[in-house]
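Thanks, everyone, for making the time this morning. I would like to walk through one structure with you, starting from a single side chain and working outwards, so please have the view open in front of you.

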Amino acid sequence: MSKLRQMEVFVAVVEAGSFADAALLVGMSAVMVGRHIQSLETTLNTKLIQRTTRRQSVTGEGRLFYEEAKLALEQVKYAYSLVEASTGKPSGLLRITAPMTLGVSLVAPLVSDFMRAYPDIQIELILSNEVMDLYESSFDIGFRISELIEANLIAKPLPPYRMVICAAPQYLQARQTPTTPEDLRTHDILTHTSWSNTFAWSLKSGDAEFPWPERAVLKSNDGQVLLQAAIAGNGILMQPDFLVANAVKDGKLVSIMEAFLPEPKPVQIVYPRQKKSLPKLAAFVDFVMARLG
């Protein structure tokens, strides 16, 4: 295992507070995170992380190593950025983070096309509905569904996240098409597990708002799972237009209740100001904006 990678994983564990959360930051499984930490502790012949079934804590030696490792990693990043910026040619590893549904349906196809246009750039695309700290993590750029962006980030607006309410023709024929939010109470609902009070999609009727029903026959953290269930006639779905567009166009799903759709949410690509001069990042931003901006 690379010593530099071990240091990166260890710093992520300390800052994230758990192996599972650190795994999201470094783009590997929690099991692999554990192996990196174990190997590092063996190399140093000392315990860096104390773990029990309930909690995790950093030892004194671990805290000392963390401070020095963090400085070393920052210096390595700075050295890479200097060389990359001086060459002027887009190359190297570009780490991207994006929400699950947006990432699978919109970002992944963009990345595939971008890789063909820039073969000297390697991509690491991590999908998670958790908002990553672009300064504390090793990500270069992120896609965000949010109006609030940290002041130390540069943000470029993309087309908004618009929702569509839809269901399969056979479902609507069997159950009668709902025409108001109240009608949804008697229907089978398909919903995303990430929806909560802090990230909710409320239906609109004038000044009134109606929450999307919490009771669901299927909940999933993957929009594709919900899409396939809707096409199979298992219930009513509300998901972004880019996810359901082809199914609606092909007649596999029917758009309903358009007068009650939620307000669109802004989508942005964001990246640290200090990285804006990196050729690989500038190339990706220009590519995305040309396609979507």
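Let me begin with leucine 82, which is partly exposed, because its relative accessible area is 44% and that class runs between 20% and 50%. Before going further I should say that this is a predicted model, and everything that follows should be heard with that in mind. Leucine 82 sits in helix H4, which spans residues 60-87, and together with Tyr78 and Val83 it forms a nonpolar patch on the surface, the three having about 300 Å² of accessible area together.

Stepping back to the whole chain for a moment, the secondary structure amounts to nine helices and 14 strands, and the C-alpha atoms fill a box of roughly 65 × 50 × 35 Å when this is taken along the principal axes. Of the 293 residues in the chain, 41% are buried.

Now to the pocket. The largest pocket has a volume of about 1100 Å³, and of the 36 residues that line it, those closest to its centre are Glu8, Leu73, Lys77, Ser138 and Lys275. Which elements give two or more residues to that lining? They are helix H1 (3-16), helix H2 (19-26), H4 and strand E3 (92-98). Helix H4, where we started with leucine 82, gives the most to the lining, with eleven residues. Sorted by class, the lining of the largest pocket has 16 nonpolar, seven polar and 13 charged residues.

That brings me to the charged side chains and their pairing. The structure holds eleven salt bridges, and I will go through a few of them. Glutamate 8, which we have just met among the residues closest to the pocket centre, forms a salt bridge with arginine 5, where the closest N and O atoms are 2.5 Å apart. Both glutamate 8 and arginine 5 lie in helix H1, three residues apart, which is about one turn of the helix. As for its surroundings, arginine 5 has a relative accessible area of 22% and is therefore partly exposed.

A second pair spans two strands. Glutamate 124 forms a salt bridge with arginine 95, the closest N and O atoms being 2.7 Å apart. Because glutamate 124 lies in strand E4 (residues 121-127) and arginine 95 in strand E3, the pair ties together parts that are 29 residues apart in sequence. Is arginine 95 buried or exposed? With a relative accessible area of 5%, arginine 95 is buried.

In a third pair, the side chains of arginine 175 and aspartate 188 meet in a salt bridge, at 3.0 Å from N to O. Arginine 175 lies in helix H6 (residues 169-175), and aspartate 188 in the loop between H6 and strand E8 (189-192), so this pair ties together parts that are 13 residues apart in sequence. Arginine 175 is partly exposed, at a relative accessible area of 31%, and aspartate 188 is likewise partly exposed, at 23%. Besides these pairs, salt bridges that share partners join Glu15, Lys70 and Glu74 into one network.

Let me turn to the backbone. Most residues other than glycine have a negative phi, so the next two residues deserve a look. Asparagine 45 has a positive phi of about 55° although it is not a glycine, and its place is in the loop between helix H3 (30-44) and strand E1 (49-51). Asparagine 45 counts as exposed, because its relative accessibility is 71%. Glutamine 176 also has a positive phi, near 75°, and is found in the loop between H6 and E8, the loop that also holds aspartate 188. Glutamine 176 is exposed, with a relative accessible area of 62%.

I will finish with a loop residue that has a contrasting setting. Serine 128 lies in the loop between E4 and strand E5 (141-145), and, with a relative accessible area of 9%, serine 128 is buried. How many residues lie between serine 128 and asparagine 221 along the chain, and what separates their C-alpha atoms? The two are 93 residues apart along the chain, and their C-alpha atoms are separated by 9.8 Å.

Conventions. Residues numbered from 1 in each chain as written. Predicted model: local features only at pLDDT ≥ 70, side-chain atom pairs only at ≥ 80, totals over all residues. Heavy atoms only, no water. Patch = residues over 30% accessible without salt bridge, like charges linked within 9 Å, V, L, I, M, F, W, Y side chains within 5 Å. Areas by Shrake-Rupley, 256 points an atom, 1.4 Å probe, with all protein chains shown as cover. Salt bridge = Lys/Arg side-chain N within 4 Å of Asp/Glu carboxyl O. Helix = DSSP H or I, 4+ residues; strand = E, 2+ residues; numbered from the N terminus. Buried < 20%, exposed > 50% of the residue type's maximum accessible area, 1.4 Å probe, protein only. 1 Å grid on protein atoms, 1.4 Å probe; cavity = no way out; pocket = protein on both sides within 12 Å on 5 of 7 lines; lining within 4 Å. Points joined across faces, edges and corners; volume = space filled by probe spheres on them. Nonpolar A, V, L, I, M, F, W, Y, C, P; charged D, E, K, R; others polar.
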